[in-house]
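Reader: I would like to go through the aromatic pairs, the cysteines and the nonpolar cores of this model with you, one question at a time.

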Amino acid sequence: MACMLGLTMISELEKLAEQVGLQLIERGEMLATAESCTGGWVAQVLTAIAGSSAWFDRGFVTYSNGAKVDMLGVPETTLARHGAVSEATARAMAQGALDHSQAHWALAITGIAGPTGGTPEKPVGTVCFAWAWRDGGCEAQNCCFRGGRADVRALAVRHALHGLLARLQDAGCIA
């Protein structure tokens, strides 16, 4: 599969980021991110939006397990039991981003972008997401994306933003 990353994808990501920002401004709330396989790409897309400092608090790039533990407080037992690429770890990352920020919302991404690192149980393209909010709610999801490293990362950023936007729009029911 050829890399689909291009101006269309970048434009789509920035439009999603802008919609997320509008929702957060309307609510008077802030967002934090915790990223592993995307290496801060979500934070980059969010901060590409002028005025994002009004609704984006901070981003954590926790590529190594040690960074997940040190910066976000992910329990070593979670990493040992479930692995870095798991819904349990994504949930702990999102909760850690909330605990170490002023944000009301957090999203977390951890996965295997490739081209190596996959296993039969967790093939390349496996990405785990979590979205958490300050009053204690947290939802996680596991996806498997196809394509090369850039594709997996771009699709993960898009999925994370779509997921956050959906949760913000439904927040009247869950927040």
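Reader: Is Cys143 buried or exposed, taking its relative accessibility as the guide?

Author: The model is a predicted one, and the value here is computed from it. Cys143 has a relative accessibility of 15%, and the cut-off for a buried residue is under 20%. Cys143 therefore counts as buried.

Reader: How many disulfides does the structure hold?

Author: A disulfide is a covalent bond between the sulfur atoms of two cysteines. The cysteine sulfur closest to that of Cys143 belongs to Cys128 and is 8.4 Å away, which is too far for a bond. For Cys37, which counts as buried at 4% relative accessibility, the closest cysteine sulfur is again in Cys128, at 9.0 Å, and this too is too far for a bond. The number of disulfides in the structure is zero.

Reader: How are the rings of Trp105 and Trp133 arranged as a pair?

Author: A search of the whole structure finds three aromatic pairs. In the pair of Trp105 and Trp133 the ring centres are 5.6 Å apart and the planes stand at 45°, an angle that is neither under 30 degrees, as for stacked rings, nor over 60, as for edge-to-face ones. The pair is therefore tilted.

Reader: How many residues apart in sequence are the parts that Trp105 and Trp133 tie together?

Author: Trp105 belongs to strand β3, residues 105–111, and is buried with a relative accessible area of 1%. Trp133 belongs to strand β4, residues 126–133, and counts as buried at 6% relative accessibility. Because the two rings lie in these two strands, the separation in sequence of the parts they tie together is 28 residues.

Reader: What kind of pair do Phe129 and Phe145 make?

Author: Both Phe129 and Phe145 are buried. Phe129 lies in strand β4, whereas Phe145 lies in the loop between β5 and α6, so the pair ties together parts that are 16 residues apart in sequence. Their ring centres are 6.2 Å apart and their planes are at 85°, so the pair is edge-to-face.

Reader: Which residue has its charged end over the ring of Trp131?

Author: Trp131 forms one aromatic cluster with Phe129 and Phe145. Over the ring of Trp131, at 3.8 Å from its centre, sits the charged end of Arg167.

Reader: Which element gives the most to the largest nonpolar core?

Author: The largest nonpolar core has 37 residues, and Val20, Ile109 and Phe129 touch the most other members. At least two residues of this core come from each of α1, α2, β3, β4 and α6. With 10 residues, the element that gives the most to this core is α6.

Notes
Residues are numbered from 1 along each chain as its sequence is written. This is a predicted model: local features need pLDDT of at least 70, side-chain atom pairs count only at pLDDT 80 or more; totals for chains, interfaces and linings use all residues. Side-chain values use heavy atoms; hydrogens and water are left out. Rings of Phe, Tyr and Trp (its six-membered ring) pair if their centres lie within 6.5 Å; planes under 30 degrees apart count as stacked, over 60 as edge-to-face and the rest as tilted. Helices (H or I, at least four residues) and strands (E, at least two) are DSSP runs, numbered from the N terminus. Buried means under 20% relative accessible area, exposed over 50%, partly exposed in between (1.4 Å probe, protein chains only). A charge sits over a ring if NZ of Lys or CZ of Arg is within 6 Å of the ring centre and within 35 degrees of the ring normal. A disulfide is a pair of cysteine sulfur atoms within 2.5 Å. A nonpolar core is a set of buried Ala, Val, Leu, Ile, Met, Phe, Trp, Tyr and Cys residues joined through side-chain atoms within 4.5 Å.
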